[in-house]
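Here is a short report to read alongside the sequence and the 3D view. Keep both open as you go.

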Amino acid sequence: MISKRCTVFRTTALLLLLTTYLGSAAPPTYNFLTNVVDHFDATAGEVKGVLFSVENNGSSMISLDVTLPVNPSGYFSIDTLNSTADIAPGQSSMFFVYFLSPEVGDFSALLSVTDGTLTDTLTVSATVLPALENFALHPALTAREVFTNQPEQIPVTVQNLTNANLTVQLSMLANPAFSLVGPSSITLPAYGSQTLIINFMATREGTYDGRLSATDGSATLETYFTMYAKIRKYAWIIDPKLYDEVALVGVAETHPLAVDNQGTTAATLQATLTGSSIFSLDPSDQSFTLQPGTGKDLHIGILGTAVGTYSTLLTVSDGGKTDSLVYTARIIENPTGFKLTALTAFGKNNQPVTVKVLAHNYSAVSTDVTLTLTGDSLFSYSGSNPVTLPPNTTQDILIDFAPARSGPYVCMLYATDGVLVDSARVIVMIRETQEYFALESGISSSLTLEAEPNTTITKQIQVENISGDTLSLQLGLFGNDARFTLSHNQISLGIDEKATFSISYTNDGIGGASDRLIINGRTQSAMLYLSGHEAYFNDIDGFRVAKRLSLMTMDTSEQDCEDLLLRNTTQGTIMVISAVLSGFSSSFSMGDQLFPITLRDGRMTDLSICYHPSIPGVKESEILTITFDNPASSPRIQSVNVFLSGESRQPNPRHVPGGVVALTAPIGGQSETTLTINNIYSEDITFENLTWKYIHPNGAFELVTPLPFTLPAADPSIPQMGSANIVLRYTPSDTASTVGTDDSGIFELQSVTSNPPWKCMVVMIGTPLPHSTPPTTLLLFPRDERQQEVNLGNVLMSETRRIEFMNNLQVPVTVSGFEIEGDRFEVANTGDFPLDLAPMGTVELELRCITATGGQASEDLNVHGSHESLSAGFVLLAKTGTSGVGNPSPTPEEISMSTSPNPSTDAVTVRLSEALTNVTVQIFDVIGQSVSHTTADRLTSWTWDGSRSGVPVQPGSYTIFVRGQDSTGRNVSIARKVLIVR
C-alpha cells in the first residue's frame, strides 16, 4: 500500500468511512493503473473513499507520485501519506482518492500517476446526493493514545449542508476530562464550516470516553472520542513494549523502539547501548535530530550465539535529559527437526475435498522429507516427493480426497528425512447435503421469547416440506422446561406443503429459562435453542428505552460512563422533553445534554450516564425519569423510568515491575543475588509486607533485605530512575531439592498503607547443583517421581554392594521391600523387610550379582512403602563379569529435556535430545495431583497447552515427568519444573 507511517487510529477511523472497493480490469493504455473507475456516487457531508491499484510491470524498482493537479472544487484529496510509493518489479500497491462535498451536484478532478517519465491520467467524477440532515460532524470517531498530565487538542469540524445560514447548539457529554473551547452556539453560512477545539487532559491512567452533541433543532448528531491515557515514563522514549525477549541461538532479530520529541524546539539525541555484545544499534539511530512533534524508531538487534540470559542498557539523551532502559534477552536453543500438523477438513456429500497438512521445519537448513500415505484409498497425494522444506519455515502439504458419501474418513501421512520420522492423522468429515424440511426465513439456531412477569408470549413458526415426498416431523423439548410449551409433537406434511406450530413461554417471575427444541424428519435434524426472559426494553407505543442500565464496578478514583439508547420505531417524530435523575445517589450523573431532543422516524440517540462512586464497597441505585412527547401514544406526553445500578470496590493495586531471578547453588550450600527494582512512577513507594504466592515446600528461597524499604520517585534524567536493591538467597537442601529439577517460588511485595496499594511480584528459579562431595545416602522417595541412577561400578559374580537410603519425608513410613526388574542382581537382605522407618531414618539395601554376562547392566530397582501407597524407582548401573576385565559396551549417552518458554504464560513445549519410545508424559502440580497425562509410541517433542482438561491452570510451579525407552532399550525418566505466570 502507498503508505509511509500513520497511526492505527487514523487508519481505523478512515476505513470505517470507506464503502467502495473498485476493481475493474485496467485498459491496456495505462502504464500503472490496474483498476479504473471514473465515476461514483456520494452523499453530501460524508467522506467517500475510492480505492485504486497500481503495479510495476517492469524489471526494475519504480517510484510513483500520485497528484490531483486539476481539482477546482477542492473536494477531492489524496492523503499525503499515500501520495508516493516505491514498488518492486512484479509488485503492486494501493491508494485512496477521498471525496467530501457539502453541496449537491456533479464534481470532477484530474488524477495523475507518474514515475517521472511515463504518466497515467484519469478524470474522476462524483455525483453528490442530498444528506438526511442539514449538517455534518467530522470526524465521526476519534481514538488516540495520549499521556497523563499533558494537554491534548481534538479538532472537530461542523459543516453546513444547506444553502442558507444554520445555527447549531453544541454540548460536551460524558467525561469531564473533555471540554469544549469557545461558544456553545455557532452560526454557519451557506455550505460553510467551522472547526471547533475539544481540550482533553487526564490526570490518571485509563480509558476516557467523551461525546460532542450538536443539534439544529430538527436533528441531533454526535461525534465520539476515546482517549487511552498512560503515564509518560521517559522524556524521549515512548512506552516501550519490550523489556524481556526470548530469541533463538543464531537467529538475528530486530526490535523497534519508538522515540519522539514533544518539545517546541528541535532536539539532537544520542543513543548508546552498554552491556552484552549480542545487542546492536543501527548506526543511523546512534545520533539523529528530531524536529518538534516528530519521532522515529530505534532498531535494536539481537543475535545470540550461545544459550544464556543477556542484558544491555539503552540510553537516549540530548545532553541534559536522559532516558535509560534495560533490555534483557534470554537466548534458547534453536529447535531442530521437523513436525507435521494436520488440519481437519469438512466437505459435502459426494464432493472432492483438499486437506491441508502443515510441515514445520525447525532447523536452520533446508530439509528434504519423503512422504508416505497409508490408510483409506480415497486419500491421495500428487505433489512432489520428497518435499523440500526451507529453513525455519512452515509449508503446506495438500492431500486430495475423492468424492464420497457422508461420514468420517481417516488416513496417516508419514514423513522422514532419513533420521527422524513424524506422522499426522488426516481426517475428513463428509456431511449429508440432502434436506427434507426448512424453517421459515429469519429462524436460525436460536429463538428468544420476552414476556413480562406472570405473563405468556407465543411465537408462531412455519415449516416447509422440501423433500419431494410426504414427510412426518417429530417435535420435542430436550430439557422439558415446563415454562416452554409446544402446540404440536408431530406434524405431517404433503409434498411442498407448509404448516405452522407455536412455542409459548410463561415468565414465572423467578428467572430466565432455556431449553432446546428438536425437530426430526427422516435423517435430517434441526435444533433450535430457546431462551426466555423478561423484556430488556420498555416499549411505549414505539418509543423504546432499556428498563435498566448496570454500570461497571469501579473504585473511588475511577468513573464509568455508559450510553442509554433511546429509539423511535414509529413513522412519526418523537420529542424527548427531559431526562432527570431522582437524586437517590450522588454517584450518578448525566452529561450536559441539551433538551428537547428530536427523534424523527426510525432514528435513535444516546443519553450518557456516568457512575463515579465516593464510598468503596457499596452497591448503589438510582432512577432516571425520561419524559417524551409521542403522537402515537395516548396521552401523548408520558414518562418512563430506567433503573440505574452500580457497585464500588476498593481501589485496584498499582503494580511496579519486578523481575525473574535465576540462582544456582550446591545442595547444602547457598547463593545470593541483588535484584534492582525500578520505580517508574513520580512518587515514593514504601513496601511494608511480603506474601509468598507460591513457595518451595521446604523454604529454599529467602528475602534477605529487611522490610520496610522505599523506592524513591522516578527521575527520567537519572539512568537508575529511582531504584532500590533487594537481596535474595537460595538454599537448596537434601530434603528440599533434587539435582536436575529446578526449584521455583513467587513472592509479592506489598505497600499496604497506601491507597490504592502498590504491589511488586518477583519470580525466583533455583537450580540445585550436586554436592562438592556426592552424598553416600540416597533419598528414599525423591521428589517428582524422578528416577535416580545408582552406579555400582564393576561388580563380579557373587559380589555384593550396599546402598543406604534415607526417609526424606516428614512422616514415618513402612518399607515393604525392594524389587528388581532384571536378572543380574538380587536383594540379599530380604529378611530385613518390612521395616518401620522414622523421618530422616536410614535403611540399608544389600545387592548380590547373580548373573555375569559381561558388559554394562541397567536394571530398574523399585522400593515400596506402606504410607499412602508410596513407591519410588531407581536405575542400577553396573559393569558385570567373571573377572571385571573386558570390553564392556559403552554407557548410553544421557538424554536431556528442555522446556520453553519457562516461565510461561500459557503453552510450554517439551523437547528431548533423543527420541524415546513407549513414552508416558505426566504433569503434576505442587501437591502431586495429575494435571495432564498422555502417551505416545515415539516422542521427541510435545506441547502442553497450560490447561487441565481445557481449563487454564492456576499460576504456580508444575512438574513435567517423561518416561520411556532410549535407542538401546534402556528405561529413561526425566523431570523438569515449569513455572506458569499469568
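Which residue in E53 stands opposite Met 575? The residue is Asp 629. Note before going further that this is a predicted model.

## Strands E49, E53 and E54

Met 575 and Asp 629 belong to a strand pairing. Strand E49 covers residues 574-581, and strand E53 covers residues 619-629. The two pair in the antiparallel sense, over six bridges.

E53 also pairs with strand E54, residues 637-649. That pairing is antiparallel too and has 11 bridges. Within this pairing, Ile 626 stands opposite Val 640 in E54. In general, strands of a sheet pair through backbone hydrogen bonds, either parallel or antiparallel.

## Two open sheets

One open sheet has three strands, in the order E2-E6-E4, with antiparallel pairing. Strand E2 (48-55) and strand E4 (76-77) stand at its edges. Each has a single partner strand, so one side of each is left without a neighbour in the sheet. E2 is joined by eight bridges to strand E6 (residues 92-99), and the two run antiparallel. Look at Ser 53 for an example: its bridge partner in E6 is Met 94.

Another open sheet has four strands, in the order E9-E11-E15-E13, again with antiparallel pairing. Here E9 and strand E13 (178-181) stand at the edges. Each of these has a single partner strand, so one side of each lacks a neighbour in the sheet. From one strand to the next, the twist averages 25 degrees. E13 pairs with strand E15 (residues 193-200) in the antiparallel sense, over four bridges. Phe 178 stands opposite Phe 200 in E15.

## Nonpolar cores

Which residues touch the most other members of the largest nonpolar core? They are Phe 52, Phe 76, Phe 95, Phe 99 and Leu 111, in a core of 30 residues. Several strands give two or more residues to this core: strand E1 (39-43), E2, strand E3 (62-70), strand E5 (84-87), E6, strand E7 (105-114) and strand E8 (119-129). Apart from this core lies another, of 26 residues. Among its members are Val 795, Phe 833, Val 843 and Leu 845.

Phe 52 repays a closer look. Leave aside its neighbours within four places in sequence. Its contacts then include Leu 33, Val 36 and Val 37. They also include Ser 93, Met 94, Phe 95 and Val 97. Leu 111, Leu 122 and Val 124 are in contact with Phe 52 as well. So is Asn 35. As a general rule, nonpolar side chains in soluble globular proteins tend to be buried together.

## The disulfide and other cysteines

How many disulfides does a search of the whole structure find? The search finds one. It joins Cys 561 to Cys 610, with an S to S distance of 2.1 Å. Cys 561 lies in strand E48 (residues 560-568) and Cys 610 in strand E52 (residues 604-611), so the pair ties together parts that are 49 residues apart in sequence. The torsion about the S-S bond is about 105 degrees, so the disulfide is right-handed.

Are these two cysteines buried or exposed? Cys 561 counts as buried, because its relative accessibility is 16%, under the 20% cut-off. Cys 610 is buried too, at 1% relative accessibility. Two further cysteines can be checked. Cys 760 counts as buried at 0% relative accessibility, and Cys 849 counts as buried at 1%.

## Backbone exceptions

Most residues other than glycine have a negative phi, and most peptide bonds are trans. Some places here depart from that pattern.

The peptide bond from His 138 to Pro 139 is cis, with omega near -10 degrees. Pro 139 sits in the loop between strand E9 (135-138) and strand E10 (141-147). Leu 707 and Pro 708 are also joined by a cis peptide bond, with omega about 0 degrees. Pro 708 is in the loop between strand E60 (701-703) and strand E61 (709-711).

Asn 149 is not a glycine, yet has a positive phi of about 60 degrees. It is found in the loop between E10 and strand E11 (152-160). At 52% relative accessibility, Asn 149 counts as exposed. Asn 392 has a positive phi of about 55 degrees. Its loop runs between strand E31 (387-389) and strand E32 (393-401). Asn 392 counts as partly exposed, at 43% relative accessibility.

Definitions and conventions. Residues are numbered from 1 along each chain as its sequence is written. This is a predicted model: local features need pLDDT of at least 70, side-chain atom pairs count only at pLDDT 80 or more; totals for chains, interfaces and linings use all residues. Side-chain values use heavy atoms; hydrogens and water are left out. A disulfide is a pair of cysteine sulfur atoms within 2.5 Å. Buried means under 20% relative accessible area, exposed over 50%, partly exposed in between (1.4 Å probe, protein chains only). Two strands pair if DSSP finds at least two bridges between them. Axes are lines fitted to C-alpha atoms, for helices over the stretch in contact, and angles run from 0 to 180 degrees between N-to-C directions. A nonpolar core is a set of buried Ala, Val, Leu, Ile, Met, Phe, Trp, Tyr and Cys residues joined through side-chain atoms within 4.5 Å. Contact means heavy atoms within 4.5 Å.
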